[in-house]
Amino acid sequence: MVGQDDALDFLAWDRRERAIMRHMVLSLAGGLLLGALGEVLAHGPEPLSAAFDPYAYLLFAVVVGHSAAGFGWAALGGTLAALGPVVAMLAATFFPAGRPSFYLGGDAMVPGITLLAVAVAALLAHLAGREGLPGDLAAGLPAGVLLVEVAEAARSGSWSVLVAAVAVLAAVLALRRGTGAVRAALVAVALGAAHVVIAASA
């Protein structure tokens with residue numbers, strides 16, 4: 001019986017390790033595909049490229065972080081997912097076509113900023129699955145930033161950015177359940193209100 005239990009434990013451990021490896025590979029492959037698509041769309045219509053970048057990367061990071069097996073794996077998976085856009089930016093410098101180096105979507109950005117933003121988004125998405133205040137803050141803080149983006153897009157009339165930001169905002173808040181989602185939304189609203197007050201007093 002002991003040997004059978006050991007065999008079952010080994011099989012469970014093996015399945016878990018295989019699932020983690022698949023998650024890492026898919027994180028990197030998905031990031032590369034999104035990065036390549038982002039570079040292609042950067043030559044297309046401005047509304048489409050502005051909606052894709054950075055919201056598609058952030059949404060992918062949320063999926064990667066939330067589905068990770070643990071905090072460390074969320075950090076590694078988020079970093080691998082972020083490498084896709086960075087590699088695409090670096091590759092684009094060999095074919096500049098009049099564009100500045102390290103071009104991502106509509107803005108010139110340092111690749112390190114992209115790497116950090118996507119990796120942090122994956123970590124927060126993973127932490128949003130925890131119970132209590134840590135989970136509320138992990139979901140509420142990025143939701144607050146996205147809420148500010150939604151307000152700015154609505155004010156500027158950027159409908160494509162508005163739709164993209166709302167979609168990612170909904171995905172972040174969906175990481176919480178029941179009263180946790182309500183508390184995370186309250187954190188987001190408080191952050192958005194603070195932004196309005198600071199912007200009005202500046």
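Which helix does Y57 lie in? Y57 lies in helix 3. This is a predicted model, and Y57 is a handy place to enter it.

## A buried tyrosine

Y57 has a relative accessibility of 3%. Buried means under 20%, so Y57 counts as buried. Along the chain, Y57 and P85 are 28 residues apart. In space, their C-alpha atoms are separated by 7.9 Å.

## The overall plan

Now step back to the whole protein. It has eight helices and two strands. Follow the sequence and the order of elements reads α-α-α-α-β-β-α-α-α-α.

The protein has 202 residues, and 38% of them are buried. Its exposed surface comes to about 11,000 Å². Carbon and sulfur atoms supply 75% of that surface. Contacts tell another part of the story. Take those in the protein with a separation of 6 or more: 71% of them join residues 24 or more positions apart.

## Helix 7 and its two sides

Helix 7 covers residues 159-173. How far apart should its ends be? At 1.5 Å a residue, its 15 residues should span 21 Å. The end C-alpha atoms are 21 Å apart, which agrees.

Which residues of helix 7 are buried? They are S160, V161, A164, A165, V168, L169 and V172. These residues cover an arc of only 165° around the axis, which puts them on the same side of helix 7. The spacing fits a simple rule. An α-helix has 3.6 residues a turn, so residues three or four places apart point the same way.

On the other side of helix 7, W159 and V163 are exposed. What covers the buried residues? The cover includes helix 2 (46-52), helix 3 (55-66) and helix 6. Helix 3 is also the home of Y57.

## Salt bridges

How many salt bridges does a search of the whole structure find? It finds four. One of them pairs the side chains of R176 and D136, at 2.7 Å from N to O. R176 sits in the loop between helix 7 and helix 8 (179-201), while D136 is in helix 6, so this pair ties together parts that are 40 residues apart in sequence. Both partners are buried: R176 has a relative accessible area of 8%, and D136 has 3%.

D136 has another partner. R183 forms a salt bridge with D136, and their closest N and O atoms are 2.5 Å apart. R183 is in helix 8 and D136 in helix 6, 47 residues apart, so distant parts of the chain are linked. R183 counts as partly exposed, at 35% relative accessibility.

A further salt bridge joins the side chains of R155 and E152, again with N to O at 2.7 Å. Both residues lie in helix 6, three residues apart, or about one turn of the helix. R155 is exposed, with a relative accessible area of 67%. E152 counts as partly exposed, at 30%. Sharing of partners matters elsewhere: D136, R176 and R183 are joined into one network by their salt bridges.

## A nonpolar patch on the surface

Which residues make the nonpolar surface patch? They are L133, L137, L141, V145 and L191. Together they form a patch of about 410 Å². Helix 6 (residues 133-156) gives the most to it, with four residues.

L137 is found in helix 6. L137 is partly exposed, with a relative accessible area of 34%. Helix 6 therefore appears in several roles: it gives residues to the patch, it helps cover helix 7, and it holds D136.

Key:
Residues numbered from 1 in each chain as written. Predicted model: local features only at pLDDT ≥ 70, side-chain atom pairs only at ≥ 80, totals over all residues. Heavy atoms only, no water. Patch = residues over 30% accessible without salt bridge, like charges linked within 9 Å, V, L, I, M, F, W, Y side chains within 5 Å. Areas by Shrake-Rupley, 256 points an atom, 1.4 Å probe, with all protein chains shown as cover. Buried < 20%, exposed > 50% of the residue type's maximum accessible area, 1.4 Å probe, protein only. Expected span 1.5 Å × (residues − 1). Arc of directions from axis to C-beta. Contact = heavy atoms within 4.5 Å.
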